[in-house]
Structures are given as structure tokens and as C-alpha cells.
Amino acid sequence: MSIAVTGATGHFGRLTVEALLRRGVPADQIIATGRRIETLGDLAGQGVSVRRADYSDEASLRQALAGADRLLLVSGTEVGQRIKQHTNVITAAKAAGVQLITYTSIVHAPTSTLLIGQEHRGTEKALADSGVPHVLLRNSWYIDNYTAQLPAYLQHGIVGAAADGPISGATRADYAEAAAASLAEDGHGGAVYEVGGPAFTMAELAEVVSAETGASIKYTDLSVQDYQAFLVRAGLPEPIAASIADGDRAVAEGELYVDPADLVKLLGRPASPLRAAVAAAVRDLR
Ligand SMILES: NC(=O)c1ccc[n+]([C@@H]2O[C@H](COP(=O)([O-])OP(=O)(O)OC[C@H]3O[C@@H](n4cnc5c(N)ncnc54)[C@H](OP(=O)(O)O)[C@@H]3O)[C@@H](O)[C@H]2O)c1
């Protein structure tokens with residue numbers, strides 16, 4: 001059985017390929033795809049089949065997915081283009097005879113008020129319309145979104161607009177391991193998983209960062225508008241600042257909360273704790 005992974009040139013797809021290899025899926029049964037395939041030399045060296053695929057180039061998708069039985073479709077990064085791009089992938093997968101597609105959606109996609117929710121709903125509809133059996137991994141936030149900002153936290157403290165909303169964060173590696181399980185195991189077709197780890201608030205994140213660094217890090221909560229302006233002042237482009245501030249609005253409204261049960265089920269163990277992820281990020285920094 002051959003398993004193809006899109007976005008293998010990015011963090012999530014690569015982690016999924018690595019998780020498939022750890023599970024014992026033979027390297028020659030894995031197809032790792034992306035645009036920047038020059039970054040996949042180490043996987044090719046292990047026997048993984050590496051193929052170039054661009055979500056906007058239907059011919060490249062048809063060639064990349066030839067012979068694949070199952071597919072991980074990692075949501076793309078080009079906001080505004082993604083329903084068309086993801087539909088291209090689904091169409092090519094169907095033509096290639098793919099029997100199962102796992103898609104990385106967003107938590108509570110049908111009702112999500114997140115700005116990014118619409119493209120995930122559009123992709124879920126394209127999957128339903130395709131008739132190809134699929135698995136929806138409706139993921140909450142990556143803990144890595146926060147740990148990546150550790151240097152900024154240490155310099156300026158933690159700033160956001162999430163109030164005391166619960167964030168069911170899990171590490172990107174755990175989400176990827178869950179994706180690998182949904183592809184390598186039988187019996188997941190048709191499943192909808194709302195995926196996330198044990199919830200924490202931004203104030204709790206600040207406590208964990210303080211404990212792990214020895215610094216006194218506080219969380220400052222702003223209005224959504226003020227947070228967006230803060231991000232623009234920090235150098236982010238307006239649309240990205242708007243999307244991040246909108247994410248915090250949704251957190252404050254409880255939309256990023258999920259019961260951790262689905263992730264535990266997929267992993268066969270509890271999710272990696274926030275504290276361990278922060279500790280690892282602190283070690284990487286030093
Ligand atoms: N839940 C969360 O907290 C969260 C946070 C951030 C992102 N996300 C979503 O999760 C996805 C995976 O996250 P990540 O951390 O792995 O992101 P990432 O490291 O930026 O990787 C994104 C991947 O998407 C691929 N891609 C984008 N546009 C493409 C296109 N037109 N054709 C083919 N491949 C394309 C990239 O391929 P190339 O590099 O080869 O072009 C790359 O492999 C993101 O794309 C985003 O949709 C979720």
C-alpha cells in the first residue's frame with residue numbers, strides 16, 4: 001500500500017513522513033511531495049519516493065499521485081487560493097485511484113467563525129463531493145505557534161487578545177503522528193476527528209514560560225484591534241496581523257477548545273504536554 005504526503009517539504013508533511021517510517025511503513029511505499037523537493041534529499045536517500053507537486057499545477061499532481069493508495073492532503077499556505085488548490089489535489093487523487101484522503105482541517109470547521117474557516121469548509125465540501133473516502137483531522141492550534149515566539153516572549157513578554165480562552169494546543173509532531181495513524185491503520189475512513197491537546201490559557205502559557213526560563217514573563221491582553229495594530233507595528237503584513245488577531249478573538253470565544261479524547265485515540269497515548277514543548281524550545285534557544 002502506497003501512501004502519498006503533500007507538503008512534505010514543510011514541517012507537518014515531513015513530520016508525517018517521519019512518523020510513517022517510525023511506524024514501519026516501508027520507505028518505498030511512501031511518496032513525499034512538495035514544490036521545493038530539493039529539501040527532501042535525506043528522505044530520498046532512505047528510499048522514499050520524492051516527486052514534485054504544485055497544488056496549482058494539475059499535471060504535476062497527476063504525475064505525483066500516480067500509484068498512490070492513500071494520501072495526506074496538508075492544507076496549503078496561499079490564503080485565498082486554497083479551495084481551488086485543494087480541489088485540484090482531490091481531483092488528481094481521485095483520477096489516480098486513491099482510496100483514502102486525510103485532510104488537515106480546522107477545529108469545529110462547520111461552525112468556525114475564524115477567517116480561515118471558510119477555506120477549510122470549502123475543502124471539506126470538495127472532499128464530500130468527490131466521493132473519495134476521507135478522514136477529517138480538524139486540528140486546533142499548534143503549540144509550536146507559541147514556542148516559536150520564545151525569543152520575543154523573553155524580550156517583550158507575551159501579548160495577545162485571547163483573554164482567558166482555552167487553547168487545546170498540541171505539538172505539530174503529535175498532530176503529524178495522528179495523521180500518520182489515520183493513514184497507516186485501517187478503519188479511519190469516514191471519520192471526523194476534532195483534534196487537540198489538554199487546554200491552556202495564555203496566562204498559563206506565561207506561567208510555564210516563566211517556570212522553564214526562570215524569567216518573570218507576564219501575559220498582556222489587548223483588544224483584538226489593538227493586538228492587530230501591535231502586530232503591524234512589530235512588522236507583520238496587515239493581512240497576516242488580521243488573521244492572527246482573528247485567531248485570538250476565536251480563542252477568547254472558546255472556539256479553539258476540543259476534548260483531547262480524539263487525539264489520545266489516534267496517538268494511543270496522551271498528547272505531549274505544553275511544559276515539555278516549552279522546555280524543548282528553551283533548550284534549543286540555549
Ligand atoms: N493549526 C495550526 O496551528 C496551524 C498553524 C500554521 C499553519 N497551519 C496549516 O497547516 C499547514 C501545515 O503546516 P506547516 O507548519 O507544515 O506549514 P509549512 O511548514 O509552511 O508547510 C507548508 C507546506 O505546504 C506546501 N504548499 C503550500 N502551497 C503549495 C502549493 N501551491 N503546491 C504544493 N505545495 C504547497 C509547502 O510546499 P513548498 O514549501 O514545497 O512550496 C509546504 O510543504 C499549513 O500549510 C497551514 O495550512 C496550521
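These are my notebook entries on the ligand site and the sheet of a predicted model.

**Ligand shell.** I began with the surroundings of the ligand and found 23 residues around it, the closest being Thr9, Arg35, Arg36, Ser75 and Arg172. Sorting the shell by residue class, I noted six nonpolar, 11 polar and six charged residues. I then looked up which helices take part, and helix H1 (11–22) and helix H4 (82–96) each supply at least two residues of this shell.

**Polar contacts.** Next I went through individual atom pairs, where a polar side-chain atom of His11 lies 2.7 Å from an oxygen atom of the ligand, and a polar side-chain atom of Arg172 is likewise 2.7 Å from a ligand oxygen. For Glu78 I recorded a distance of 3.0 Å between an N or O atom of its side chain and a nitrogen atom of the ligand. I also checked the cover: the ligand taken alone exposes 890 Å², of which the protein buries 83%.

**Domains.** I asked myself where the ligand lies with respect to domain 1 (3–139) and domain 2 (141–171 + 197–258 + 268–286). Both domains give residues to the shell, so the ligand lies between them.

**Sheet.** Turning to the strands, I traced an open sheet of seven, paired in parallel, in the order S3-S2-S1-S4-S5-S6-S8. Strand S3 (49–52) and strand S8 (192–195) are the edge strands, each pairing on one side only, and the twist from one strand to the next averages 20 degrees. I looked in more detail at strand S1 (residues 3–5) and strand S2 (residues 30–34), which pair in the parallel sense over three bridges, with Val5 standing opposite Ala32 in S2.

Methods:
Residues are numbered from 1 along each chain as its sequence is written. This is a predicted model: local features need pLDDT of at least 70, side-chain atom pairs count only at pLDDT 80 or more; totals for chains, interfaces and linings use all residues. Side-chain values use heavy atoms; hydrogens and water are left out. A residue is near a molecule or strand if one of its heavy atoms lies within 4 Å of it. A polar contact is a pair of N or O atoms within 3.5 Å; within protein, one must be able to donate a hydrogen and the other to accept it, and residues adjacent in sequence count only if both atoms are side-chain atoms. Accessible areas come from the Shrake-Rupley method with a 1.4 Å probe; for residues, only the protein chains shown count as cover. Helices (H or I, at least four residues) and strands (E, at least two) are DSSP runs, numbered from the N terminus. Ala, Val, Leu, Ile, Met, Phe, Trp, Tyr, Cys and Pro count as nonpolar, Asp, Glu, Lys and Arg as charged, and the others, Gly among them, as polar. Domain bounds come from an automatic or database domain assignment. Two strands pair if DSSP finds at least two bridges between them. Axes are lines fitted to C-alpha atoms, for helices over the stretch in contact, and angles run from 0 to 180 degrees between N-to-C directions.
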